Each structure stands twice: as structure tokens, then as C-alpha cells.
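I opened a new page in my notebook to record what I looked up in one protein chain. I wanted to go from the whole chain to single strands and helices, and to write down each term as I met it.

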Amino acid sequence: MALHKNFTLFTILLLLFTSKIIQSQIIFKELPHYPISEKDLSFIESSAVRKTMLLDGLWKVYNSKDEEKKKTAIGVPSLFEGNAEVVYEKYFEISKSDLQDNNFELHFLGVSYTSEISINNSVIYLHPGGEFPFSVLLPKDLLKNDKKNILTVKVNSKLDATHTIPYKNEFLAPERFGGIFRDVYLKFVPNIHISRFNFHYEVVPNSSRAKVFVSANFANHEFRGKSDSTATENFEVKFSVQNQNDLSSNGSANNQIQLRKGKEKVLSQSFEASNIIMWNCNAPRAYVITAQILQNGNVIDEIKQPVSFYNFSIQKDSPYLNGEKFQLNGVTYFASNKSYGSMFTYEQMKNDLTQIKDLGFNAVRFPKQAPHPYLLALCSELGMLAFVESPVSSLPESLVEDQNFVSLSNNYLRRFLSSYGNYSAVAAIGLGGGFLPNSPIHTFYLETQAEKVKKTFSKPVYASFVAGHFGEIPKLDFYGIELFSNFLPAQAGLSAFNTMYKPLQEELGKGKVFLSEATYMVTQGRSSGYTNKSTFEAQAKFFSDLLSFSEENENAGYFINSMFDYRCDYHSVLSQYNHEKILTLGICNEDRKTNRPGYKVLYAKLHNLEQVTVPIGLKKDQSPMAFIISGLLLALLTGFLINSGRKFREDTSRALLRPYNFFADIRDLRVISGVHTTILAFIVSAIIGSLTASLFFFFKDKILFERFILSFGSENISWAMSYLSWHPVQAILSLTVVVFVKLLFISLLVKFFSFFVMNKIFLSNAYYTVVWSFLPFVLLIPGAIILYRLLAMDSINLYIYIILLLFCILSVHRLLKGIYVIYDVSPGKVYSYSILFLIGTSGIFLIYMQAFNATFDFLLFGLKEFMARI
């Protein structure tokens with residue numbers, strides 16, 4: 001197995017930058033058991049008048065690029081892997097009477113990413129992207145009665161770096177797939193119907209009353225009967241709030257409207273609901289809000305939706321729930337169901353949120369994803385506040401300045417808010433995460449986005465920042481700070497974070513600042529105690545310190561990131577390499593087991609039980625032996641080579657101390673041993689490979705390193721870097737091969753450009769020149785042995801980087817000197833043409849990466865984030 005992995009790694013690394021990776025075959029994934037009925041959708045709305053046709057089940061699918069349209073039966077909900085455009089087809093029938101009496105709303109609870117929807121081969125709607133629920137009114141003239149209608153959905157899963165929300169390779173984003181991954185259903189609505197219904201409320205302070213604001217669109221699509229009849233155009237409209245248990249009325253409002261055929265009318269009004277028992281986390285109470293249109297006392301159409309009444313507000317001293325100070329104990333939740341991505345059964349979703357509630361949390365934040373609406377209904381039912389947000393994260397400033405992206409962001413936010421506006425559990429609206437503090441560009445973006453939210457909703461608006469030290473932003477109510485354990489000093493811990501957090505509380509107000517995500521990545525599994533970094537014991541200590549930090553800072557609100565491990569959209573270097581791309585940062589694992597020490601610590605703290613002691617343990621040495629062993633072997637091989645004969649010692653001395661004379665010997669075809677040169681090439685390659693592997697191993701838990709890798713927008717690069725960073729032995733072997741191949745490639749380049757000079761150069765001349773140019777790296781054999789240990793001390797790192805850079809510059813300088821000597825041309829020509837060649841090839845590569853992946857923009861953001869956090 002190990003041999004197979006190594007062989008695969010070598011192959012990928014050799015081909016990574018020289019060939020295009022062929023897109024893999026489309027693979028579909030379906031939940032093995034997905035029971036669903038019309039009743040399961042009652043959390044969205046219910047009605048005695050309307051009926052629902054579920055369109056889940058088997059669909060025909062095919063690749064849009066397949067000219068033969070080879071169709072396969074696939075169940076919906078389902079997902080598919082890879083960037084592809086897949087066509088879904090579903091046949092359904094509508095009776096003649098249903099077609100005459102009703103209009104038809106097509107509802108999708110989640111599609112990824114963009115989609116084109118057609119009925120009977122006529123395109124009726126283009127979904128511009130986003131995993132949130134949406135609906136489409138089907139044109140009746142396109143529908144057939146008592147015959148099969150064909151619904152076609154063309155789904156494109158491709159994300160890019162600048163034109164989609166979310167963008168591809170987003171930092172620690174959950175794994176994303178394409179497909180129709182949530183329920184699809186057809187809603188039969190009467191010809192005279194309520195086409196849109198929105199509501200919000202304001203709780204009257206210190207009372208059991210609330211002012212309810214409703215807005216509804218009414219449409220008359222009943223074209224049967226006499227066209228001049230006005231009696232059939234007069235209707236009564238009724239809005240009401242009722243107790244969910246006994247249906248007793250808590251308030252209502254009635255209106256008379258005239259609705260002519262083929263016309264629509266918007267009605268907005270308010271009324272008071274009284275004798276309301278406020279919802280709270282310990283006693284979640286639910287009501288039903290109803291919109292009806294009646295004629296002659298008969299209900300023509302109605303919509304019933306669940307509603308809970310509470311008042312959540314953000315004040316300078318504290319968040320408040322129903323007029324009382326509220327301690328925000330929250331956790332983030334990512335919909336990640338192993339290999340099934342974000343697909344869950346309703347039972348699984350309920351089990352997940354019940355587990356969160358049982359642990360003691362009172363709030364759930366849904367970052368980087370558009371949540372399933374049932375999760376929000378569960379939050380209301382179980383007694384937890386829901387923080388939902390636009391999946392915008394770590395935006396480069398240049399992207400925010402792009403008017404095309406601003407327009408995309410505005411449209412996304414509008415549709416996102418429309419999808420979740422009627423869910424009572426939504427306590428606050430988020431604008432995203434990873435924003436830079438004191439960035440005028442990000443500040444302006446957040447201010448304009450917050451203003452748009454405020455025009456629609458009266459709920460608090462928040463954003464999440466990578467660090468503190470910023471001023472108040474107009475229209476923003478709540479300021480989240482992201483705490484990542486990788487940025488905390490090993491000894492100082494959370495006390496170092498406190499030096500940033502305290503001034504921010506004083507600047508903005510203690511109640512306006514919260515920890516939006518406190519993350520501790522586990523990469524070393526279990527150990528004897530928390531002194532061993534990145535272990536489950538250290539994570540438990542981090543959680544314990546976090547809750548103590550909250551208490552010491554007057555019950556500062558927080559969200560622990562996250563409740564469960566989840567699968568990342570790419571192979572993260574920060575998380576220990578694994579084939580499934582699992583991020584081990586959850587309180588529980590993917591299987592929802594509760595045996596981690598962090599869970600036990602949190603349960604005891606949140607339920608005021610006896611404290612769970614986390615052992616200190618004995619610190620283990622994390623330095624791999626591979627660097628020491630490989631360095632010693634190279635030292636022995638080098639010593640053997642030096643002592644193998646006087647000729648090699650003389651060549652080494654001349655090449656190192658008098659390179660001009662040595663390269664002149666190569667030009668003049670003096671005897672240079674090919675065997676010695678090849679052994680030296682191997683030694684140099686192994687030294688550079690070992691040094692590079694040491695750097696990778698040291699950088700593996702550095703966020704800036706991950707940002708650098710992500711900026712190239714390649715899953716193959718992410719996979720290779722993650723694998724190499726966590727497997728020192730394989731990294732040394734692989735990088736040795738890569739460096740050796742590069743030496744051969746440079747030799748071929750030197751030979752190729754020799755055709756443009758007068759002097760005749762053999763391939764052996766070019767090969768000897770290239771290999772011996774890198775001779776100074778042999779002096780770094782002791783450094784290859786101890787490099788990681790020196791870096792881990794974190795005291796002279798800057799000097800180490802400078803020394804390594806100087807050796808690289810020296811070797812390149814020696815190479816250029818060797819080239820102009822064997823070419824027998826002036827140094828100026830070689831230096832100038834070499835610089836032009838490097839600038840040209842690098843420029844083409846970087847321009848390509850910037851054009852397709854915004855590489856420079858994301859690199860600059862990573863640097864600014866790093867500077868903001870330190």
C-alpha cells in the first residue's frame with residue numbers, strides 16, 4: 001500500500017506542472033435511505049387549500065456535453081463530483097381539472113450551483129447561483145393536462161475565484177458538490193392565490209404584545225366566467241396569529257380588496273398580537289401566522305407558517321433576549337455528512353441539532369453555507385437562536401472594489417434574505433467572515449451591505465473579522481472576532497488574545513463584540529496531556545480556557561468552531577493529511593460520537609457540573625527522525641565520494657573556490673567524471689529535497705502557508721502540498737526526484753540555447769555545468785539534519801531564511817557564470833537574456849494565474865490577514 005502511494009505521488013508530482021489533469025468521470029451520490037412525505041415539509045408552510053406533489057425520487061440524468069444523451073436513472077436529492085454541467089429530467093402529470101383550477105409553483109430547497117429550468121423544452125428560469133431555497137411559477141400555457149410534462153434542470157457545479165458566491169477553494173470551506181441536493185416539489189395553488197407572503201414583528205417592551213407587520217401579494221389568474229363581472233373580483237383578506245396548540249386567536253386584521261382578472265395587488269399592514277408568551281431558549285413557544293383570501297366566507301387560498309415571538313437585540317453592555325441580558329453560548333454547524341456532502345435525512349438533521357442543544361448551547365451559527373430551512377425550524381423548536389449569513393469569506397480587497405462582484409453580492413444577498421426571512425429562529429443576519437480590520441474597502445462594503453439588510457429586516461446585523469483593532473462601522477450591530485489557535489503563542493495562550501479583545505470591548509462596547517469562531521485544529525490525536533500541541537487533550541484545555549475567558553470578560557459571547565468534524569473542499573495543509581479531507585476540529589467526530597475530552601469538558605462547564613480535569617502529561621518530541629537519518633546518509637555518501645579519489649577532491653575544490661577555471665575546463669572538454677557528476681547531482685537533489693521537506697513540515701500549521709497554496713486555485717497543488725507536508729519520508733524522496741528532474745531540464749535548456757551561440761556545446765557540457773553550479777548546497781548537509789529543530793525554536797528563523805536565500809542566489813549566480821564561460825560569450829549577454837527569460841516565463845505563468853484564479857489578490861489578502869493577526 002505504501003509503495004503504491006509513493007508511486008502515485010511521484011507520478012502526480014512529475015506531471016503536475018507539465019500536463020493538464022483530465023477531468024474525472026462524473027460520480028453521483030445518493031442517500032441510501034431517504035424517506036420523505038408531504039407532511040415533512042409542513043415546517044415551511046401548511047394549507048387546507050393547497051396541495052403538494054413531491055418530485056423527489058428517480059430522475060433521468062446525462063452530461064450536457066454528451067451528444068448521444070446517454071441517460072442514467074439517479075435519485076433526487078443527489079450530488080455529483082467534479083466541475084460539470086449535468087441535465088436532470090423528470091416527468092410528471094397534471095389532471096385536466098387541476099390544470100384548470102390551479103397555478104403551479106415549483107420549489108427547490110437547494111441546487112448547486114447555477115441552473116437552467118425548462119418545462120416541456122421551454123426555458124422558464126435561470127437560477128444565477130446559490131444553495132438557498134427558491135421557487136418558480138410555472139407558465140400554465142406550457143403545461144399539458146392528462147399528459148406527461150417534462151421538467152428539465154440543467155445544473156452547472158463550477159465555481160471560480162471571482163464570479164461566484166462562494167468562490168472556489170475558499171479557506172476551510174466545507175466540501176461542495178453539484179446537483180439537486182435537497183427536496184423538489186410542486187405546489188398547487190388556486191388561480192386566485194397569495195403569491196408572496198412576508199412578515200416581521202416588533203415586540204412591545206415589558207409586555208405580552210407584539211406589533212406584526214405583514215406584506216402579501218395577491219394574484220387573480222382565474223379567467224373562467226364572465227369578463228365584466230365585478231362581484232367575482234371583490235375579496236376579503238385576513239391575517240391572524242394563533243396559538244399552535246389550541247388555535248386560539250392572539251390577533252387578526254381584515255381587509256376588503258378588489259382584484260381584477262389578470263391583475264396582482266400588494267397589501268401591507270400591521271396588527272397587534274396580544275397575550276403572547278415569549279419564546280426563549282428554555283421554553284420555546286410557537287404560534288401560527290396565517291394569511292387568507294376569502295370570498296363569501298369561503299377560503300379560496302391560505303398560507304400558514306410557524307412563528308415564535310421574542311426580542312433579541314444588541315446593546316453596548318450586552319446582548320439582550322426579551323429584555324434580559326443574554327449569555328451567548330454558541331457553536332458553528334457545517335452540513336457535512338461524510339461522503340454525502342450536505343445531504344441529510346430529516347431525522348439526521350434533528351439528531352444533530354438535538355445533540356447541540358443537549359450539550360448546552362443556545363445558539364447555532366451557519367457559516368460558509370446556506371442552511372437547510374429545516375435546520376432553522378429545528379432551532380425554533382429546540383430553543384436555539386440561529387445566526388445565518390451570506391457565504392462570503394476572506395474577500396480580497398480588489399474583488400470588493402470590482403463592480404461586477406458588488407452587483408453579484410447585492411443580488412445574492414437579496415435572494416438569500418428572501419429565502420430565510422420568515423424563519424423565526426433567525427436572530428441575526430451575517431454578512432460573512434474573514435474581513436480585515438481597519439480596511440476602508442471592507443468597511444465600506446460592510447456598511448453598504450448592512451444598510452441593504454436593514455431596509456428589509458429589523459434583526460441585528462453582524463460580520464466576522466480576522467482580528468480586532470478597528471472602529472465602529474455604521475449599520476453594523478455585532479462584531480465577531482475569529483480566534484484560531486495556530487496564531488496563539490504557545491505559552492501565553494488566550495491571555496495574548498485578551499490584549500486585543502479588551503481594547504475592542506472598550507472601543508465598541510462589551511455587548512457588541514463576540515468570538516465568532518474559536519477554532520482548535522487537532523492533528524496529533526490523543527496524548528498523555530495538553531502540553532502536547534494539536535492533540536485532543538490540548539483542544540479540551542483550549543475549550544476550558546475559552547469558557548473561563550468568557551466569564552472573565554463579563555460573559556463574552558462565543559461560537560466554538562465547530563460541533564462536528566467536517567470535510568473540507570480541498571486537502572487542507574492545516575489539518576493532518578487524510579484521503580477524505582476531514583478537518584479534525586469538531587467537538588465530536590464525523591460519527592457524532594461524544595468520547596472526546598473536549599466534549600466532556602464543555603458538558604461539565606455548560607451544565608455547571610464537577611470540573612473535568614485535563615491532564616498535563618509529558619511533552620513528546622514531534623521532530624521526525626527522517627531528516628536526521630537522511631542527512632547522515634547524505635553525509636556518509638558525500639564522505640565516501642570525496643575519499644573515492646584525488647580527482648574528485650581536486651574538482652570539488654576548483655568548482656567551489658575557482659568556478660571560472662572549473663567551468664573553463666568543462667568548456668575545453670577536460671576530463672570530468674560523469675559518474676561522479678551524477679552522484680553529486682543525486683546528493684544535491686537530496687539535500688535540496690530534505691531542506692524543502694523540512695520547510696514544508698515546519699509550515700504545515702501556518703495559515704499563511706495555506707493561503708499561499710490556495711491562491712493558485714488548484715486542488716492538485718493542495719493535495720500534493722498537504723501530502724508532502726505531513727509525510728517527511730515521502731517528501732524527501734519525492735522532492736529529490738523532482739529536483740533531479742529539474743536539473744536535467746535545466747541542462748536541456750542550456751543545450752537548447754547553445755544553438756544561438758558560436759561555440760559548440762555538448763549535452764554533457766551543459767549537464768556538468770548545471771550540476772556543479774549547485775555544489776554549495778553540499779555545505780548545507782548539517783543544516784538538512786537540524787533545520788526543522790532550528791525552525792521549531794522560532795528564535796533565528798529570519799536568519800535561516802536569509803541564509804537559504806543566499807545559497808539559492810549563489811547557486812544561480814554560479815550557473816549563469818558557468819553558462820557564459822562554456823558559451824564563451826560576454827557575461828552581460830547571459831545575465832540580460834537570462835533575466836528576460838525568467839521574467840517572461842514567470843510573467844506568463846503569473847498573468848495566467850491572476851486571470852483565472854486571482855492569485856495576486858488572494859496572496860495579498862493572506863499577507864494582510866497575517867499582519868492583522870500577529
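The entries below follow the order in which I looked things up.

**Entry 1: ground rules**

I noted that this is a predicted model, in which local features need pLDDT of at least 70 and side-chain atom pairs count only at pLDDT 80 or more, while totals for chains, interfaces and linings use all residues. Residues are numbered from 1 along each chain as its sequence is written, and side-chain values use heavy atoms, with hydrogens and water left out.

**Entry 2: the whole chain**

I looked up the secondary structure and found 22 helices and 34 strands in the chain; these are DSSP runs numbered from the N terminus, helices being H or I with at least four residues and strands being E with at least two. The C-alpha atoms fill a box of roughly 110 × 65 × 50 Å along the principal axes.

Of the 870 residues in the chain, 56% are buried, where buried means under 20% relative accessible area, exposed means over 50%, and partly exposed lies in between, using a 1.4 Å probe and protein chains only. The accessible surface comes to about 38,200 Å², and 57% of this belongs to carbon and sulfur atoms; such areas come from the Shrake-Rupley method with a 1.4 Å probe, and for residues only the protein chains shown count as cover.

I then turned to contacts, meaning heavy atoms within 4.5 Å. Among the contacts with a separation of 6 or more, 74% are between residues 24 or more positions apart.

**Entry 3: the sheet β2-β14-β7-β11**

I wrote down first that strands of a sheet pair through backbone hydrogen bonds, either parallel or antiparallel. Two strands are counted as a pair if DSSP finds at least two bridges between them.

This open sheet has 4 strands in the order β2-β14-β7-β11, and its pairing is antiparallel. The edges are formed by β2 (51-54) and β11 (134-138), each of which pairs on one side only. On average, neighbouring strands here are turned by 25 degrees against each other, direction ignored; the axes are lines fitted to C-alpha atoms, for helices over the stretch in contact, and angles run from 0 to 180 degrees between N-to-C directions. Between β2 and β14 (residues 184-190) I found 4 bridges, and lysine 51 stands opposite phenylalanine 188 in β14.

**Entry 4: the sheet β15-β16-β19**

Which strands stand at the edges of this sheet? The sheet is open and has 3 strands in the order β15-β16-β19, paired antiparallel. I found β15 (192-203) and β19 (264-273) at the edges, and because each has a single partner strand, one side of each is left without a neighbour in the sheet. The average turn between neighbouring strands of this sheet is 15 degrees, direction ignored. Strand β16 (residues 210-220) is joined to β19 by 10 bridges, with phenylalanine 218 opposite lysine 265 in β19.

**Entry 5: strand β30**

Is strand β30 (residues 478-484) mostly covered or mostly open? I found that 7 of its 7 residues are buried. In a regular strand the side chains alternate between the two faces of the sheet. In β30 both faces are covered, with Phe478, Gly480, Glu482 and Phe484 on one side and Tyr479, Ile481 and Leu483 on the other.

The partners of β30 run parallel to it: β29 (residues 461-465) pairs over 4 bridges, and β31 (residues 513-519) pairs over 6 bridges. Phenylalanine 465 has isoleucine 481 in β30 as its bridge partner, while leucine 483 stands opposite alanine 518 in β31.

**Entry 6: two helices**

I turned next to helix α13 (residues 659-667), where Pro659, Phe662, Phe663, Ala664, Asp665 and Ile666 are buried. The buried residues of α13 pack against α12 (646-657), α18 (763-773) and α20 (797-823). Just after α13, leucine 669 takes a positive phi of about 60 degrees.

My last residue was leucine 790, which lies in helix α19 (residues 781-793) and is partly exposed, with a relative accessible area of 25%. Leaving aside neighbours within four places in sequence, leucine 790 is in contact with Ile796, Asn797 and Ile800. Leucine 790 and isoleucine 800 are 10 residues apart in sequence, and their C-alpha atoms are 8.5 Å apart in space.
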